[in-house]
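This briefing goes through a predicted model, taking its sheets, the helices that pack on them and a patch on the surface in turn. Please keep the sequence and the coordinates at hand while reading.

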Amino acid sequence: EIMSTNQNYDNTCINLNCLDEDYIIDIGNYKEKGFNFYFENLDEYESNNLNIFGSDSDVAYYTESLSIKKNKHYYGVDDELGPIFISCESDKNKKFQRTVIRTVEEDKRVLLTVASTDSAKLIKALNDQAPFITKYKLQRAEDINDVDISKELSNFENSGIIKNYKFGVLYCKNNQTNDCEMLNNESGSKYFYEFLDLISEKITLKKFKDFRGGLNIKDDSTGKYSYYTQYRGYEIMFHVSTLIPYKKGDLQQLNRKRHLGNDVVLLIFKEDFEDGEDNNNNSNNNNNNNNKINFLEVNSHFNHVFLII
């Protein structure tokens, strides 16, 4: 068992093999804040068995961790802070109660350090660990007129979680420095497609059943093929520049730009050797480079994250 006496559990590290037991390690800066840790059988817990639990905003935390359990719900309104809605576990056999505090600004996740089903004790623990709650006069919320609160909260949570993503993939030949040059590459190298095979799967677009990322699945106007993957419940469609049809005479390649220019994340596969050369045998491979990519010349208001491969 690894326990922390600190009462701030905004981010929690949990051993994946004992989630049901709620063993936790606080990952705060305990040296500066003076947290006091108690360790027992620590040798059993190696760092590779630990993972961040419930810290990502696009994880259905309530749906996956609370909705199927016994919960108590509380609500209140403050003239300055606005409304609040709190859902917490109510299990006297557990040392910690998973809790979600919903306000206008955020959904805050807390582990209440209380083993009780009593509302007064739960609210006291809430006030101790999240002092701003003391401004609210909390009332118990219960199912009314066959409205299942847990189900409605799950629907509300899932409506704000994005599970589908579009990433652009741009092929960059040696000495190319701006997106206009890269978009005019009619095809990629074997290394480019080997990279795509590593991170995803080549799919046929026509009649594709899963997330299509804005690509046409009725005809070949956006290409015959693309690359797609699923990762931990998320779907990712890659907009591959060389697989979207090339239009001769169009210097901007607007058909390609229409997709890659609207992707927040853009992967740029950068070759440092000339066509036909093997990068393993190229003694003139110029890595200190006179062909650095100029991001100021990437003409898009939506590309924000650039990954250079």
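## Sheets, helices and a surface patch

Strand β7, covering residues 82–89, is paired with strand β8, covering residues 97–103, in the antiparallel sense and over five bridges. Within this pairing, C88 has T99 of β8 as its bridge partner. The points below start from the sheet to which these strands belong and then turn to a second sheet, whose pairing is mixed.

**The five-stranded sheet**

- Five strands make up an open sheet, arranged in the order β9-β8-β7-β6-β10 and paired in the antiparallel sense.
- The edges are taken by β9 (107–112) and β10 (139–141), and because each of them has a single partner strand, one side of each is left without a neighbour in the sheet.
- From one strand to the next, the twist averages 25 degrees.

**Helices on the five-stranded sheet**

- Helix α3, which spans residues 119–129, lies across β6 (71–78), β7, β8, β9 and β10, and its course makes an angle of about 115 degrees with β9.
- Helix α4, which spans residues 149–159, lies across β6, β7, β8 and β10, and runs at about 65 degrees to β6.

**The six-stranded sheet**

- Six strands form another open sheet, in which the order is β12-β13-β14-β11-β15-β16 and the pairing is mixed.
- At its edges stand β12 (201–204) and β16 (305–308), each with a single partner strand, so one side of each lacks a neighbour in the sheet.
- When direction is ignored, neighbouring strands of this sheet are turned against each other by 30 degrees on average.
- Strand β15, made of residues 265–270, pairs with β16 in the parallel sense over four bridges, and L266 has F306 in β16 as its bridge partner.
- Helix α6 (residues 190–199) packs on this sheet, where it touches β11 (164–172), β13 (225–231), β14 (234–240) and β15, and the direction of the helix makes about 140 degrees with that of β15.

**A nonpolar patch on the surface**

- V264, V305, L307 and I309 form a nonpolar patch on the surface, and their accessible area together comes to about 290 Å².
- I309, one of the residues of this patch, is placed in the segment after β16.
- Why does I309 count as partly exposed? The relative accessibility of I309 is 35%, and the partly exposed class lies between the buried one, under 20%, and the exposed one, over 50%.

Conventions. Residues are numbered from 1 along each chain as its sequence is written. This is a predicted model: local features need pLDDT of at least 70, side-chain atom pairs count only at pLDDT 80 or more; totals for chains, interfaces and linings use all residues. Side-chain values use heavy atoms; hydrogens and water are left out. Two strands pair if DSSP finds at least two bridges between them. Helices (H or I, at least four residues) and strands (E, at least two) are DSSP runs, numbered from the N terminus. Axes are lines fitted to C-alpha atoms, for helices over the stretch in contact, and angles run from 0 to 180 degrees between N-to-C directions. Contact means heavy atoms within 4.5 Å. Patches are made of residues with over 30% relative accessible area and no salt bridge: like charges are joined within 9 Å, nonpolar side chains (Val, Leu, Ile, Met, Phe, Trp, Tyr) within 5 Å. Accessible areas come from the Shrake-Rupley method with a 1.4 Å probe; for residues, only the protein chains shown count as cover. A salt bridge is a side-chain nitrogen of Lys or Arg within 4 Å of a carboxyl oxygen of Asp or Glu. Buried means under 20% relative accessible area, exposed over 50%, partly exposed in between (1.4 Å probe, protein chains only).
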